[in-house]
Amino acid sequence: MLIGNKNFDLNKQILIMGILNVTPDSFSDGGQFNNRDASLKQVEKMIADGADLIDLGGESTRPGHTQISDAEEIDRVVPMIEAIHQRFDIAISIDTYKGLVGEAALKAGANLVNDIWGFKYDPTLAEITAKYQVPCILMHNRHNQNYQHLITDIKSDLQDSIDIALKAGISRDAIILDPGIGFAKDYAQNMETIYHLEALQTLGYPLLLGTSRKGFIGLTLDLPVTERIEGTVATTVIGIMKGASIIRVHDVLENKRAAQMTLGILKGAPWTNSI
């Protein structure tokens, strides 16, 4: 898959997507990178730690978040996209569900669209993504937690997003799916979704897993958001074993190393024939 100026083989590689929130109210790092210099230093660190992509968000989408205007979101993300491209050679994903924001970001040089509503909030974003011929991440989301059969319903919901993307003219080989951990799911549903992640592979698209520092980890370990690295790493390992090709995280170095070790075991296992 071509993302920016790099061609990634998602059948053989595990990509680490570093999270950069230029927001004052993100659940995990609110305000920490809400200025240009701090953001650029964080990007530099994530690249040095092994990030393959940067996912830039200008609006917090934590539970109970307050929606901001398109203009405010554009003002937050466009200067950062331009600044990152001026200094670093790395692909940038724009984390938005709004068509106007997506177009402004893509004009500024974003290379990938990451939509937490899977093109269901604003279908024009699908058309804009097709227009700029960039890949997209379609995340599972809905307005309730009323599932008849969790995994089957997630697959059905994601298929609806896929259909929107294909109808808009997005190529099949430019689609990535995200099961939406932490969105429209309670604690047990988040755990079950990760446990059965491999079931989503039947849809036929690469999978992204985004669990970094999320609430279900805090509930499991009884730890605050600042102490969830090990819990996140555990989900990274399990996610890769169950088919994820992209891991979206705040803590790049630890998850990069875990991903490399996991992939090394999965792909270089000649000893299995001697058991």
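Student: Which residue forms a salt bridge with Arg 248, and how far apart are the closest N and O atoms?

Tutor: Start with the general idea: side chains of opposite charge can pair when their charged atoms come close. Keep in mind that this is a predicted model. Here, Arg 248 pairs with Asp 55, and their closest N and O atoms are 2.7 Å apart. The two sit in distant parts of the chain: Arg 248 belongs to strand 10 (residues 244–249) and Asp 55 to strand 4 (residues 53–57), 193 residues apart.

Student: Are Arg 248 and Asp 55 buried or exposed?

Tutor: Both of them are buried.

Student: How many salt bridges does a search of the whole structure find?

Tutor: The search turns up 12. Let's look at another one: Arg 76 with Glu 72, whose closest N and O atoms are 2.9 Å apart.

Student: Where do Arg 76 and Glu 72 lie?

Tutor: General idea again: an α-helix has 3.6 residues a turn, so residues three or four places apart point the same way. In our case, Arg 76 and Glu 72 are both in helix 2 (residues 70–87), four residues apart, which is about one turn of the helix. Their surroundings can be read from the relative accessible area. Arg 76 has 19%, and since buried means under 20%, Arg 76 counts as buried. Glu 72, at 35%, is partly exposed.

Student: Which residue forms a salt bridge with Glu 73?

Tutor: That's Lys 98, and the closest N and O atoms of this pair are 2.9 Å apart. Glu 73 is in helix 2, while Lys 98 is in the loop between strand 5 (91–95) and helix 3 (99–108), so this bridge ties together parts that are 25 residues apart in sequence. Glu 73 is buried, at 1% relative accessible area, and Lys 98 is buried too, at 3%. Some bridges also share partners: Asp 55, Asp 95 and Arg 248 are joined into one network that way.

Student: What about a charged residue with no salt bridge, such as Asp 153: what is the nearest side chain of opposite charge?

Tutor: For Asp 153, it's Arg 142, at 4.5 Å. A salt bridge needs the atoms within 4 Å, so this pair doesn't count as one. Asp 153 is buried all the same. Besides its close neighbours in sequence (those within four places), Asp 153 is in contact with His 140, Arg 142, Tyr 147 and Gln 148.

Student: Which helix does Asp 153 lie in, and what do the buried residues of that helix pack against?

Tutor: Asp 153 lies in helix 5. The buried residues of helix 5 include Leu 150, Ile 154, Leu 158 and Ile 162. They pack against strand 7, strand 8 and helix 6 (187–195). Helix 5 has 19 residues and spans 27 Å from its first C-alpha to its last, close to the 27 Å expected. Right after helix 5 comes Gly 169, with a positive phi near 105°.

Student: What unit do strand 7, helix 5 and strand 8 make?

Tutor: Together they make a right-handed β-α-β unit. Strand 7 (residues 136–139) pairs with strand 8 in the parallel sense, over four bridges. As one example, Cys 136 has Ile 175 of strand 8 as its bridge partner.

Student: Which residues of strand 8 are buried on each side?

Tutor: Ile 175 and Leu 177 on one side, Ile 176 and Asp 178 on the other. Both faces of strand 8 (residues 175–178) are covered.

Methods
Residues are numbered from 1 along each chain as its sequence is written. This is a predicted model: local features need pLDDT of at least 70, side-chain atom pairs count only at pLDDT 80 or more; totals for chains, interfaces and linings use all residues. Side-chain values use heavy atoms; hydrogens and water are left out. Buried means under 20% relative accessible area, exposed over 50%, partly exposed in between (1.4 Å probe, protein chains only). Two strands pair if DSSP finds at least two bridges between them. A crossover is right-handed if, with the strands pointing away from the viewer, the path from the first strand over the helix to the second runs clockwise. Lys and Arg count as positive and Asp and Glu as negative; His and the chain ends are not counted. Contact means heavy atoms within 4.5 Å. The expected span of a helix is 1.5 Å times one less than its number of residues.
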